[in-house]
Amino acid sequence: DVSELEELRARLNEKWASQRGHLTLLALLVRAIVLAVRDFPQVNARFDDEAGVLTQHAAVHLGIATQTDGGLMVPVVREAQLLTLWQLAAEIARLSAAARDGSAKPEELTGSTLTVTSLGPLGGIATTPVINRPEVAIIGPNKIVERAVFVPEGAGGERIEKRKLMNISISCDHRVIDGWDAANFVQAVKRRIEAPMGLLA
């Protein structure tokens, strides 16, 4: 449920956009992913098939799958775990623009340890993203849709409310990541998205 996340984003942009730049939904989602990686370091890894060597990384070098006129490119946000929300938003925007206009440097397009791919409003409600090897996982936020949801009320009752919902997809290399761990990682991302004030810490 991204209803509160979107409300928070709107409030932050109203207050800070003129000084800090526009805060995107993707930046908030990336922040939730980076925080969840702390508890699931196995998703932030690369596996060398030929050597049979798995390397887990402390730093999150996050690939942002970006569609360009020349095809799909994956610019890399270095040390994403160290960036604030606004720094993430600015770096994602800068790298995506560089990939699209052809000015991205080779070092900005290599070395990712985990990738996020999202088609935003053009996407479907569920996807099967393809792993960006030699990484071992890829996360795919999907299109936000409005749906009627039963919301708990006092005295054990419920009311129907229109909420903004989004599925999160993950693909992983099962030689490295068990399905149980992948599902728990997605749940950790979900918890952070649904309690968005924690993303500001």
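This short presentation walks through the helices of the structure above and then a handful of individual residues.

Good morning, colleagues. Please keep in mind throughout that this is a predicted model.

I begin with helix 2, which occupies residues 25–37. Helix 2 has 13 residues, and from its first C-alpha to its last it reaches 19 Å, close to the 18 Å expected at 1.5 Å a residue. How many of the 13 residues of helix 2 are buried? The number is 12, so helix 2 is largely enclosed by the rest of the structure. The buried residues include Leu25, at the start of the helix, and Val37. Also among them are Leu28, Val30, Arg31 and Ile33. The elements that cover these buried residues include helix 1, helix 3 and helix 4, together with strand 3, strand 7 and strand 8.

Two of those neighbours deserve a closer description. The first is helix 3, residues 85–101. The axes of helix 2 and helix 3 come within 9 Å and cross at roughly 120 degrees. That angle makes helix 2 oblique to helix 3. The crossing of this pair is right-handed. On the helix 2 side, the residues that take part are Leu26, Ala27, Leu28, Val30 and Arg31. They meet Leu85, Leu88, Ala89 and Ile92 in helix 3.

The second neighbour is helix 4. The axes of helix 2 and helix 4 come within 9 Å and cross at roughly 130 degrees. Here too helix 2 is oblique to its partner, helix 4. The crossing of helix 2 and helix 4 is right-handed. Helix 2 makes this contact through Leu29, Ala32, Ile33, Leu35, Ala36 and Val37, while helix 4 contributes Phe185, Ala188, Val189, Arg192 and Ile193.

Let us stay with helix 4. This helix runs over residues 179–194, and at 1.5 Å a residue its 16 residues should span 22 Å; the end C-alpha atoms are 22 Å apart, which agrees. Which residues of helix 4 are buried? They are Ala182, Phe185, Val186, Ala188, Val189 and Ile193. These residues cover an arc of only 155 degrees around the axis, which puts them on the same side of helix 4. The face turned away from that buried side carries the exposed residues Trp180 and Arg191. The buried residues of helix 4 pack against helix 1 (3–20) and helix 2, and also against strand 8 (137–141) and strand 11 (168–172).

I now turn to individual positions, starting with helix 1. Asparagine 13 is found in this helix. Is asparagine 13 buried or exposed? At 12% relative accessibility, asparagine 13 counts as buried, since the cut-off for buried is under 20%. Leaving aside neighbours within four places in sequence, asparagine 13 is in contact with Gly21, His22 and Leu23.

Next is glycine 63, which lies in strand 3, residues 62–64. Its relative accessibility is 0%, and glycine 63 therefore counts as buried. Beyond its neighbours within four places in sequence, glycine 63 is in contact with Val74, Pro75 and Val76, and also with Ser112, Leu114, Thr115 and Val116. Glycine 63 and glutamate 108 are 45 residues apart in sequence, yet 9.5 Å apart in space, C-alpha to C-alpha.

Proline 134 brings us to a loop, the one between strand 7 and strand 8. The peptide bond from arginine 133 to proline 134 is cis, with omega near 15 degrees. With 31% relative accessibility, proline 134 counts as partly exposed. Not counting residues up to four places away in sequence, proline 134 touches Ala45, Arg46 and Phe47. Proline 134 and glycine 123 are 11 residues apart in sequence and 25 Å apart in space, C-alpha to C-alpha.

Finally, I come to two residues with a positive phi. Glutamate 79 has a phi of about 50 degrees although it is not a glycine. Its place is in the loop between strand 6 (76–77) and helix 3, and glutamate 79 is partly exposed, with a relative accessible area of 31%. Alanine 155 has a positive phi of about 60 degrees, and alanine 155 is not a glycine either. Where is alanine 155 placed? The place of alanine 155 is in the loop between strand 9 (145–152) and strand 10 (158–165). With a relative accessible area of 91%, alanine 155 is exposed.

Thank you for your attention.

Key. Residues are numbered from 1 along each chain as its sequence is written. This is a predicted model: local features need pLDDT of at least 70, side-chain atom pairs count only at pLDDT 80 or more; totals for chains, interfaces and linings use all residues. Side-chain values use heavy atoms; hydrogens and water are left out. Helices (H or I, at least four residues) and strands (E, at least two) are DSSP runs, numbered from the N terminus. The expected span of a helix is 1.5 Å times one less than its number of residues. Buried means under 20% relative accessible area, exposed over 50%, partly exposed in between (1.4 Å probe, protein chains only). The arc is that of the directions from the helix axis to the C-beta atoms. Contact means heavy atoms within 4.5 Å. Axes are lines fitted to C-alpha atoms, for helices over the stretch in contact, and angles run from 0 to 180 degrees between N-to-C directions. Angles under 35 degrees count as roughly parallel, over 145 as roughly antiparallel, 65 to 115 as roughly perpendicular and the rest as oblique. A crossing is left-handed if the near helix is turned anticlockwise from the far one by less than a right angle, and right-handed if clockwise.
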